[in-house]
Amino acid sequence: MISALFAGLCDDAALFPPGNAPLPDALPAHARHRSAPYADLVGPFVFPVARLGELTPGALELSLTLPGGPATLEPALDRLAQIDGATAVALEIAVPADQTAAEFFAAMDAVEALTAGLDVFVEIPRGERRPDFLAALTGGPFAAKFRTGGVVAEAYPDEHELAAALHGVIASGVPFKATAGLHHAVRNTDPHTGLEQHGFLNVLLATRHALGGADVDQVAATLAERDGALLAGELRDLPVDVVDGVRTAFRSFGTCSILEPLEDLVALHLVPSSALASADQGAHT
């Protein structure tokens, strides 16, 4: 039901803005998503380390967010180890405001044994520190994480800023994930806030174009595209080897709603409509 292009694309970030789902609602909803016919779309449950004390025992794959940086990793994993059934499969580690790339990666080296077997995403800061962090990731074991939006206009990189970031990591072979702001499949203007929002299909196709040799301006043009049928048509026709390359580069994005991306994919005929029927049924059981 879910093609390889979208497998594991949507990490479940229901706890985060703007959704801010209560944990007692978010956990059973995640379980329903992971057992639904569209389950292949769904990645791990994104969870902030500061709230580990709220988790109760039960099988759950987590992508842990660490806004405090590498220094918070060891105590976080110690706390997680006390929760039966919950396991970390990924780490999303932010960079403290006063930390240079050299300092950050030295701190990561110090906790190297703790990250073995986990997908580690380094949240790349914007501004003058970005080039040093991107350079430090090249050839290393870690992936990049980019913020593509938020709850204020300043949190949204424009298409040229995002294109430069994506082009840089793709050219250097560094995988990446995205978080925040990718509420819909296609580039749009939010009717409630007026904010310009990136589309996750735009990012997928921009990744494909960058892998094919497109320059930053061409990648930016793809990110700015608002014709969903055009985006869907080009993505639908990708050969298997190209799909593999795209998803090796663009791993996933965090979304506070699994159903919104699913609805968009169904509307663009990229996922069968029966997936949405099963989602509606699951929401009422």
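Select helix H5, residues 159-172. In this predicted model, H5 lies across two strands, E6 (143-147) and E7 (176-179). Turn the view to compare directions: H5 runs at about 175° to E6.

Now move to another helix that lies across strands. Pick H2, residues 73-80. H2 lies across E3 and E4, and its angle to E3 is about 155°.

Hide H2 and keep the two strands. E3 covers residues 60-66 and E4 covers residues 86-93. How many bridges join E3 and E4? There are 7, and the pairing is parallel. Zoom in on Glu 61: the residue opposite is Thr 87, in E4. As background, strands of a sheet pair through backbone hydrogen bonds, either parallel or antiparallel.

Next, show the whole barrel. Its 8 strands close in the order E1-E2-E3-E4-E5-E6-E7-E10. The pairing is parallel. Look at how neighbouring strands cross: on average they are turned by 35° against each other, direction ignored.

Time to look at the packing. Which residues touch the most other members of the largest nonpolar core? Select Phe 6, Leu 64 and Leu 201. The core holds 88 residues. Helix H6, residues 200-211, gives the most to this core, with 7 residues. In soluble globular proteins, nonpolar side chains tend to be buried together.

Stay with Leu 201 and show its contacts. Leaving out residues up to four places away in sequence, Leu 201 touches Phe 6 and Ala 185. The list continues with five leucines to click through: Leu 231, Leu 235, Leu 265, Leu 268 and Leu 270.

Go on to Thr 222, in helix H7 (residues 216-224). Is Thr 222 buried or exposed? Thr 222 is buried, with a relative accessible area of 8%. Neighbours within four places in sequence aside, Thr 222 is in contact with Asn 202, Leu 205, Ala 206 and His 209.

Last stop: the cysteines. Select Cys 10 and Cys 256. How many disulfides does a search of the whole structure find? The count is 0. Cys 10 is in no disulfide, and its nearest cysteine sulfur belongs to Cys 256, 11 Å away. Why is Cys 256 not bonded to Cys 10? A disulfide needs the two sulfur atoms within 2.5 Å, so 11 Å is too far for a bond. Compare their surroundings as well. Cys 10 has 0% relative accessibility and counts as buried, whereas Cys 256 is partly exposed at 21%.

How values were computed
Residues are numbered from 1 along each chain as its sequence is written. This is a predicted model: local features need pLDDT of at least 70, side-chain atom pairs count only at pLDDT 80 or more; totals for chains, interfaces and linings use all residues. Side-chain values use heavy atoms; hydrogens and water are left out. Buried means under 20% relative accessible area, exposed over 50%, partly exposed in between (1.4 Å probe, protein chains only). Helices (H or I, at least four residues) and strands (E, at least two) are DSSP runs, numbered from the N terminus. Contact means heavy atoms within 4.5 Å. Two strands pair if DSSP finds at least two bridges between them. Axes are lines fitted to C-alpha atoms, for helices over the stretch in contact, and angles run from 0 to 180 degrees between N-to-C directions. A nonpolar core is a set of buried Ala, Val, Leu, Ile, Met, Phe, Trp, Tyr and Cys residues joined through side-chain atoms within 4.5 Å.
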